[in-house]
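Me: Please take a close look at one part of this structure, the metal site, and then connect it to the rest of the model. I am in my first year, so please go slowly and explain the reasoning as you go.

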Amino acid sequence: MTHLLAQLFPPSVLRPMELGADASIVIATVAIAAFLTRKRRWGWLWREWLTTVDHKKIGIMYLIAAMLGLFRGGVDALLLRTQLAVPQNTFLGAEHYNEIFTTHGTIMVFFMAMPFIFALFNIAIPLMIGARDVAFPRLNAISFWLFAFAFLLFNMSFVVGGSPNAGWTAYAPLTELRFNPSVGENYYLLALQISGIGTIATGINFLVTILRLRAPGMTLMRMPLFAWSALITSSLIIFAFPALTVALALTMLDRLFGSSFFTIGHAGMPMMYVNLFWIWGHPEVYILVLPAFGIFSEVVATFSGKALFGYPAMVGSMIAISLLSYGVWVHHFFTMGAGAAVNAFFGISTMLIAIPTGVKVFNWIFTMWGGRVRTTCAMLWQLAFIPTFVIGGATGVMLAVVPGDYQFHNSYFLVAHFHNVLIGGVVFGLFSGLYYWWPKMFGYTLNERQGKWAFWFFLIGFWVTFFPQYLLGLEGMTRRIYIYPHGLGWSLPNLVSTGGAYAMGVGFVILVYSIAYSARHKDLDLTGDPWDGRTLEWSMPSPAPEYNFAVLPKVSTRDAWWTMKQAGRTSIRLGEIEPITLPKNTGMPFLLGLSFFVAGLGAVFSWWPVALAGLGGVLALLVWGWFVETGDHVIPAHEVRRSETLPGRLEA
Amino acid sequence: MPHARKTERGLLSLGGLLLLPRFEHSSGPWPQIVGYALSLLLTLAATLLVVHHLIAPLYLPAVILFLAVLQAGIQLGLFMHLREGVGPSWQIVALVLAGIVALGIVIFSIWIMAFKSGVS
Ligand code: HEM
Ligand SMILES: [Cu+2]
């Protein structure tokens with residue numbers, strides 16, 4: 001018993017900060033449970049959300065998870081910056097700092113950016129291509145619940161058992177059991193493995209959806225650019241994630257079953273872990289940023305009132321980027337010393353990526369050129385993205401110069417670079433998409449005035465945080481250090497950087513406040529097309545009805561909805577409405593996620609009976625899901641007609 | 001293949017009914033079950049070979065590689081519906097691409113990791 005308690009609650013989870021987190025978790029859980037009980041909402045929660053296979057609702061759940069991830073990762077970031085604000089600070093100890101930057105990086109990549117991207121895929125892609133759902137609706141729900149339970153598992157680590165501490169990259173031999181006996185790394189390995197299964201399934205799902213379920217007449221070259229970016233991202237996921245799966249699985253075997261793939265002893269090869277991790281890792285950064293490119297391509301065309309400039313070049317450059325992205329991974333470990341030939345090859349291939357990326361930047365600018373640009377919040381994020389991302393890209397090319405990288409590597413120059421592209425590219429893009437598609441999700445727009453405050457705090461905060469870090473890097477401050485002495489010239493830039501981080505925090509708080517405010521004072525979108533959009537999702541009422549399209553659209557051009565508006569073909573005919581068949585809800589995906597959670601938790605603590613019970617549940621549910629058809633339900637035509645009459649879109 | 005073409009058109013015209021792809025279940029789930037059992041067996045065989053030192057270290061990698069390729073073939077054939085489907089054989093394009101990526105990863109990894117012999 002005491003042994004079990006010591007395992008569950010080692011000293012690292014009994015620090016005041018962790019105990020405070022415990023208290024707030026308990027309070028929040030009790031409050032939510034009490035609220036659901038008082039309002040009698042448990043059944044509603046189960047029927048409407050936990051068992052849903054509707055891509056729009058799954059998208060909203062991804063979005064909620066992503067905002068929670070942004071909160072957790074953001075709090076971690078502020079803790080790190082607080083520790084670094086002044087020299088010789090004693091706010092966090094060395095071990096604590098390691099745990100927090102590991103958690104921050106892992107959450108931001110896997111449990112903030114990825115779900116945010118899948119949220120927007122789920123919400124927008126089927127609507128943009130004129131489909132009633134994704135190709136495999138139940139698999140879509142399975143992906144979500146694997147992700148959600150993995151997120152829960154990862155987040156538990158800091159209050160039960162201890163956090164991972166080997167960086168978001170979890171390099172061997174930092175993860176080797178001999179050097180790192182706490183269960184923290186097990187959480188990392190199991191949680192990422194479980195959510196990785198869901199991610200691969202999502203990649204397959206959207207690949208098939210886009211290839212097979214496009215509206216009649218929508219050829220590939222008539223697809224909205226966001227759909228193109230989702231198609232390419234999906235193929236990147238399918239080809240890249242298996243490398244991560246292997247790297248994590250072998251590390252898990254080393255830690256849990258005594259093998260020696262990456263150990264120092266027994267002829268293990270720690271460097272092979274690094275190699276495998278980045279075979280996945282570099283494509284991963286394009287998995288993160290290509291969707292943002294897609295979002296910007298939609299937003300810039302809509303708010304410039306013009307068709308996207310150079311559509312074929314945009315598509316071609318995205319394909320070029322995705323192919324090149326497989327051939328550059330060594331730039332993450334030039335300093336391993338693989339030799340001049342290897343490094344030169346990968347340095348040059350890396351620089352080549354700048355070319356298609358530059359093509360895209362010019363095309364976005366030319367789209368605005370001569371257009372009537374409306375500076376809504378969605379567009380502001382786009383406008384801020386272009387210069388920010390260009391600078392992030394330029395410093396990336398600097399890092400690709402091998403001799404230079406021997407100086408920059410793992411310094412704050414690198415930290416500044418990757419935040420420059422991850423925040424300036426990915427997060428700005430996701431925020432832009434959030435503002436853009438919000439009315440389609442919820443039926444009202446977000447408050448623009450508050451949104452602009454959030455934008456300016458975030459943007460200025462961003463530059464104040466990360467510009468000084470380039471200087472710090474050049475001054476020799478290395479990454480992942482928790483303390484530094486006086487008198488190195490690092491004190492002022494660090495203080496400024498921390499100030500900027502707090503400004504970004506304020507921006508985030510304003511954003512959340514604005515979401516709450518907009519939900520209470522709804523600025524309803526009655527037209528379904530609040531931005532004068534160009535693509536099919538704006539052809540239906542907001543929020544999108546359960547069945548998406550009352551009548552599937554026929555597409556004859558790019559920017560299909562724009563063409564329909566020009567030709568005055570915006571309403572649908574009564575006679576064309578037919579009954580619509582949709583898949584039924586099912587609890588299987590949720591239970592599958594739960595079983596994986598149990599199996600994962602069992603493996604984390606090496607409680608094998610628990611792990612086997614979880615795996616048994618997985619197997620049973622898969623067999624059940626194989627043989628039992630969940631079936632469909634039919635929405636009768638008169639119901640479709642009624643819900644379409646409300647917005648007055650019907651023509652007798 | 002008149003029947004196949006009809007299915008294709010059905011998918012494209014997208015009556016809501018066709019949201020879920022329906023494969024022709026001619027043989028039931030048996031190929032999958034056999035494939036699963038074979039995959040487990042081959043994995044077990046590889047593990048035993050390593051754990052119990054059943055083969056001289058010189059030949060071990062080659063044998064394991066052979067088992068891996070065999071298993072990949074089984075999984076593609078029996079799980080991935082490689083031979084089912086209608087219309088043009090897009091699977092082949094994806095397979096060739098996968099082959100190139102896999103081969104590239106192996107060759108480049110060997111090249112990258114070859115530095116070890118120079119260092120240690
Ligand atoms: C909101 C503003 C953010 C601030 C103030 C911030 C700050 C930091 C800090 C202080 C570190 C630790 C640096 C070190 O000690 O080496 C860090 C690391 C990292 N951050 Fe952020 N960050 C922010 C947002 C993000 C976002 C949005 C992402 C990804 C989408 C991200 C990804 C990472 C990664 C991958 C690491 C590396 C972790 C590691 O070394 O293992 N960060 N960040
Ligand atoms: Cu890279």
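Reply:
**The copper site and its surroundings**

H282(A) and H331(A) are both buried, and they make a good place to start reading this structure, which is a predicted model. Together with H332(A), these two histidines are the protein donors of the copper ion (ligand 2), and the three donor atoms lie 1.7 to 2.0 Å from the ion. If you look at the individual atoms, you will find that H282(A) offers its ND1, while H331(A) and H332(A) each offer NE2. Along the chain the donors follow the spacing H-x48-H-H. H282(A) belongs to helix 9 (residues 270-304) of chain A, whereas H331(A) sits in the loop between helix 10 (311-324) and helix 11 (340-368), so the pair ties together parts of chain A that are 49 residues apart in sequence.

Where does R214(A) lie in chain A? The residue is found in the loop between helix 7 (184-212) and helix 8 (225-257). Its relative accessibility is 15%, and because buried means under 20%, R214(A) counts as buried. Two backbone oxygens face polar atoms of this arginine side chain: that of I210(A) lies 2.6 Å from such an atom, and that of M218(A) lies 2.8 Å from one.

From these two places we can step back to the chain that holds them. Chain A has 20 helices and 6 strands. Its radius of gyration is 25 Å, close to the 26 Å that the globule rule gives for 652 residues, so chain A is as compact as a globular protein of that length. Taken along the principal axes, its C-alpha atoms fill a box of roughly 75 × 60 × 45 Å, and 59% of the 652 residues are buried. Chain B has 120 residues, of which 18% count as buried. Its secondary structure consists of 5 helices and 0 strands, so that the pattern α-α-α-α-α appears when chain B is read along the sequence.

The two chains come together in a description of the surface. A nonpolar patch there, with about 1000 Å² of accessible area together, is formed by residues of both chains, including L619(A), W626(A) and F627(A) on one side and W30(B), I33(B), Y36(B) and L40(B) on the other. Helix 19 (608-627) of chain A and helix 2 (30-51) of chain B each supply at least two residues of this patch, and the largest share, 5 residues, comes from helix 19. Two patch members in that helix are useful to follow one at a time. W624(A) lies in helix 19 and has a relative accessibility of 38%, which makes it partly exposed, because that class runs between 20% and 50%. V623(A) is also found in helix 19, and at 40% relative accessibility it too counts as partly exposed. For a sense of scale, the C-alpha atoms of V623(A) and I577(A) are 38 Å apart in space, although the two residues are 46 positions apart in sequence.

Charged residues add a further layer to the picture. Side chains of opposite charge can pair when their charged atoms come close. Over all chains, a search of the whole structure finds 10 salt bridges. In one of them K57(A) pairs with E48(A), with the closest N and O atoms 3.0 Å apart. Is this pair buried or partly exposed? K57(A) has a relative accessible area of 21% and is therefore partly exposed, and E48(A), with 34%, is partly exposed as well. Another salt bridge joins the side chains of D54(A) and K56(A) at 3.1 Å, N to O, and here both partners are buried.

A third pair shows how a salt bridge can sit within one helix. R72(A) and D76(A) form a salt bridge whose closest N and O atoms are 3.7 Å apart. Both residues lie in helix 4 (residues 55-84) of chain A, where they are 4 residues apart, about one turn of the helix. R72(A) is buried, and D76(A) is buried too. Elsewhere, R15(A), E18(A) and E99(A) are joined into one network by salt bridges that share partners.

To return to the beginning, the copper ion has H282(A), H331(A) and H332(A) as its protein donors, and the first two of these histidines as named here are buried residues.

Notes. Residues numbered from 1 in each chain as written. Chains lettered and ligands numbered in written order. Predicted model: local features only at pLDDT ≥ 70, side-chain atom pairs only at ≥ 80, totals over all residues. Heavy atoms only, no water. Donors = N, O, S within 2.8 Å, 3.2 Å for Na, K, Ca; no water. Buried < 20%, exposed > 50% of the residue type's maximum accessible area, 1.4 Å probe, protein only. Polar contact = N/O pair within 3.5 Å; in protein donor to acceptor, adjacent residues only side chain to side chain. Patch = residues over 30% accessible without salt bridge, like charges linked within 9 Å, V, L, I, M, F, W, Y side chains within 5 Å. Areas by Shrake-Rupley, 256 points an atom, 1.4 Å probe, with all protein chains shown as cover. Salt bridge = Lys/Arg side-chain N within 4 Å of Asp/Glu carboxyl O. Rg over C-alpha atoms; globule rule 2.2 N^0.38 Å.
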